[in-house]
Amino acid sequence: KWDEILNTVKQEYEISDVSFDTWIRPLEVFAIEGNTLYILVPSEQMALSYISKKYLAPLRVAIVEITEIEYEIKFILPEEARTLKLNTKPAKATPAVTADESNLNPNYTFDTFVVGNNNRFAHSASLAVAESPGEAYNPLYIYGGPGLGKTHLMHSIGHFILNQNPDAKVIYVTSEEFTNEVIESIRNGNASSMTKFRDKYRKVDVLMIDDIQFIIGKESTQEEFFHTFNALQTQGKQIILTSDKPPKEMETLEERIRSRFEWGLMADIGVPDYETRMAILRKKAESDNFDIDDEVLSYIANNIKSNVRELEGALNKLLAYNNLVHIPITMDIAEKELSNIITPDKPREITPQLIIEVVSEHYHISVDQMISKTRSSDVAKPRQIAMYLCKNMTESPLDTIGSLLGGRDHSTIIHGIKKVTEEYEKNETTRNMIETIKKKINPN
Ligand code: ADP
Ligand code: MG
């Protein structure tokens, strides 16, 4: 049976011939005493510590698979073998690795996810994977900064798959949880905990590991992950990973793992633009039945730009206030309540991009329309106002303004500015309108 065990180890862990011949084939069963299996390592100390570090867990698993007995394994060297006095040890109880449910957050679904330019690609990729797990893109690797919706998308895929097929086995773990389970099953030192671990992770239809960057540098976890990954991928099971950076920027990631990541599809999520931030706030307010002025939402969206979690945090703070005091949230209240989140002493930099965003929002058109070729007056007029404000509120050269506004040439910009300047002088309504927009751009 020993040969069978060794061959199992070789196959299941994809050990190369040279590694197998060097480390594993020479191993011999020296003795079995009670629950303890003594394995003789016929070479010096170095190899012993290496073998026990690298191959103890695989051996344990293979032994329990083939003998159906959970042995405690001890490696011994020839000189120890000569002096070894065997004594019987009681068998240890084996704590189970709990077989978790998929543990998905019920609020993180495609329905509640707002699609914007920053996440459109990641969203479609996720949906494709959800529709045909294991077939569309494998692995799917979603990356981006904190609070931008990676976990939300990942859970959405899980829900979608479970909706289509309630029997699908979907597992979501953070990489800390995964790491802890690897460590736990190794430390437990019994084969059944290793087998349970492997049963849990290798017999799934969809494995989702969140924030995979945290397994980097954790050797045994990386190793176990690699084997899990290979086992699932060869069975055509879907793997979904998220990270704060693309594989090529993970410096200490082993090359073989990096290349696996790059086999599938990589999709990044960027920082949401103003419109997307507003849409997220509106959607959230609506689902919380929170009646709140667009002006206040706009204030939040203008001041919190790079993290959706913080955006929601600000809204939640106002919601909590509203629930407590039952009065409508005014700008004054918002500014006061959010003063430790939004710091007005750091004046917002006024850029042409900001101006374009604010003007679009003011006129209820999209930035895309603003920079499009459309000449219909409901878009052309705001566009000219944006030109005018860029010229008056920033130092940007006309060429820059032109290119930000959809690649318009010098003379178009000059014409636009001139028209608005004239209007501003002779028409009070226009003047008031422009002053209002200016205030939105620069509230100070
Ligand atoms: P990450 O995993 O990238 O750090 P999360 O997925 O945890 O970010 O998102 C942070 C919060 O922002 C969550 O509450 C999530 O629901 C919300 N969120 C992020 N992006 C969107 C979006 N496009 N639409 C709706 N909510 C979003
Ligand atoms: Mg996350």
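Modeller: Ala, Val, Leu, Ile, Met, Phe, Trp, Tyr, Cys and Pro count as nonpolar; Asp, Glu, Lys and Arg are charged; the others, Gly among them, are polar. On that split, the lining of the largest pocket has seven nonpolar, twelve polar and nine charged residues. The model is predicted: local features need pLDDT of at least 70, side-chain atom pairs need 80 or more, and totals for chains, interfaces and linings use all residues. Residues are numbered from 1 along each chain as written, chains are lettered from A and ligands numbered from 1 in written order, and side-chain values use heavy atoms, without hydrogens and water.

Biologist: What makes a residue part of the lining of the largest pocket?

Modeller: An atom within 4 Å of a pocket point. The points lie on a 1 Å grid over protein atoms alone, where a 1.4 Å probe fits; a pocket is an open set with protein on both sides within 12 Å along at least five of seven lines. The lining has 28 residues, and Tyr 108, Gly 149, His 152, Val 308 and Glu 312 are closest to the centre. The space is about 770 Å³, the volume filled by probe spheres set on the points.

Biologist: Which helix gives the most to that lining?

Modeller: α11, with five residues. α6 (150–164), α11 (274–287) and α13 (308–325) each supply at least two. Helices are DSSP runs of H or I, at least four residues; strands are E, at least two.

Biologist: How do you know where ligand 1 sits?

Modeller: The test is more than half of its atoms within 2 Å of the grid points. Ligand 1 passes for the largest pocket. Two or more residues of its shell come from each of α6 and α13.

Biologist: Why is the pair of His 152 and ligand 1 called a polar contact?

Modeller: The cut-off for N or O pairs is 3.5 Å, and a polar side-chain atom of His 152 lies 2.6 Å from a ligand oxygen, so the pair counts. Backbone N or O atoms also qualify: Val 114 at 2.8 Å from a nitrogen of ligand 1, and Gly 149 at 3.0 Å from an oxygen. The protein covers 92% of the 560 Å² that ligand 1 has on its own, by Shrake-Rupley with a 1.4 Å probe.

Biologist: What makes Asp 211 stand out?

Modeller: Its phi is near 55 degrees, positive in a residue other than glycine. Most residues other than glycine have a negative phi. Asp 211 is in the loop between β6 (206–210) and α9 (219–234).

Key
A polar contact is a pair of N or O atoms within 3.5 Å; within protein, one must be able to donate a hydrogen and the other to accept it, and residues adjacent in sequence count only if both atoms are side-chain atoms.
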